[in-house]
Amino acid sequence: MTPLSAASGVENVLRILEGRWKLVILFHLFGGKVLRFSDLERAISAISQKMLIQQLRQMEADGIVRRIVHHQVPPKVEYCLTDWGQALCPALDALLKWAALREPEA
């Protein structure tokens, strides 16, 4: 990789993960969890319904999240991570460990 291609790759990754709630949604779905929309809504109480829908749609379009529709009455929609989305877990865990190494400001 060249510095230019690496910078371009970082830009693409940040575009996929940008958004205030995407990482929070990911953490709720890690470990193979399958959650209904309402479960995610309850788990992330500070997010609006509109924003949750928007973030999930973007993540689905980017191939991180799978949307499962059960055709029943009332409708049941569940979300889980794709294999590619689940593969983010070690990378995000490494970021959390890196952030924990930060020296407290004096």
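**View 1. The lining of the second largest pocket mixes residue classes.** By class, this lining holds 5 nonpolar, 1 polar and 5 charged residues. The model shown here, as in every view, is predicted. The pocket encloses about 200 Å³ of space. Its lining residues include Arg36, Arg57, Glu60, Arg67 and Lys76. Phe37, Ile53, Pro75, Val77 and Tyr79 line the pocket too, and so does Ser38. Three elements each supply at least two lining residues: helix 3 (37-43), helix 4 (49-61) and strand 3 (76-81).

**View 2. The largest pocket has a lining of 12 nonpolar residues.** No polar and no charged residues appear in this lining. The pocket's volume is about 270 Å³. Helix 1 (3-17) and helix 6 (88-100) each supply at least two residues of the lining. Look for Val13, Leu14, Ile16 and Leu17 among the lining residues. Leu88, Ala91, Leu92 and Leu95 also line the pocket. Leu23, Ile64, Trp84 and Ala87 are part of the lining as well.

**View 3. Asp62 pairs with Arg15 in a salt bridge.** Side chains of opposite charge can pair when their charged atoms come close. Here the closest N and O atoms of Asp62 and Arg15 are 3.6 Å apart. What does the pair tie together? Asp62 lies in the loop between helix 4 and strand 2 (65-70), and Arg15 lies in helix 1, so the salt bridge ties together parts that are 47 residues apart in sequence. Asp62 is partly exposed, at 22% relative accessibility. Arg15 is partly exposed as well, at 43%. The model has 4 salt bridges by count.

**View 4. Asp39 forms a salt bridge with Arg42.** The closest N and O atoms of Asp39 and Arg42 are 2.7 Å apart. Where do Asp39 and Arg42 lie? Both are in helix 3, 3 residues apart, which is about one turn of the helix. Asp39 has a relative accessible area of 26% and is partly exposed. Arg42 reaches 59% relative accessibility, so Arg42 counts as exposed.

**View 5. Lys76 forms a salt bridge with Glu78.** The closest N and O atoms of Lys76 and Glu78 are 3.7 Å apart. Is Glu78 buried or exposed? Glu78 has a relative accessible area of 14%, so Glu78 is buried. Lys76 is partly exposed, at 22% relative accessibility. Lys76 also belongs to the lining of the second largest pocket, the subject of View 1.

Notes: Residues numbered from 1 in each chain as written. Predicted model: local features only at pLDDT ≥ 70, side-chain atom pairs only at ≥ 80, totals over all residues. Heavy atoms only, no water. 1 Å grid on protein atoms, 1.4 Å probe; cavity = no way out; pocket = protein on both sides within 12 Å on 5 of 7 lines; lining within 4 Å. Points joined across faces, edges and corners; volume = space filled by probe spheres on them. Helix = DSSP H or I, 4+ residues; strand = E, 2+ residues; numbered from the N terminus. Nonpolar A, V, L, I, M, F, W, Y, C, P; charged D, E, K, R; others polar. Salt bridge = Lys/Arg side-chain N within 4 Å of Asp/Glu carboxyl O. Buried < 20%, exposed > 50% of the residue type's maximum accessible area, 1.4 Å probe, protein only.
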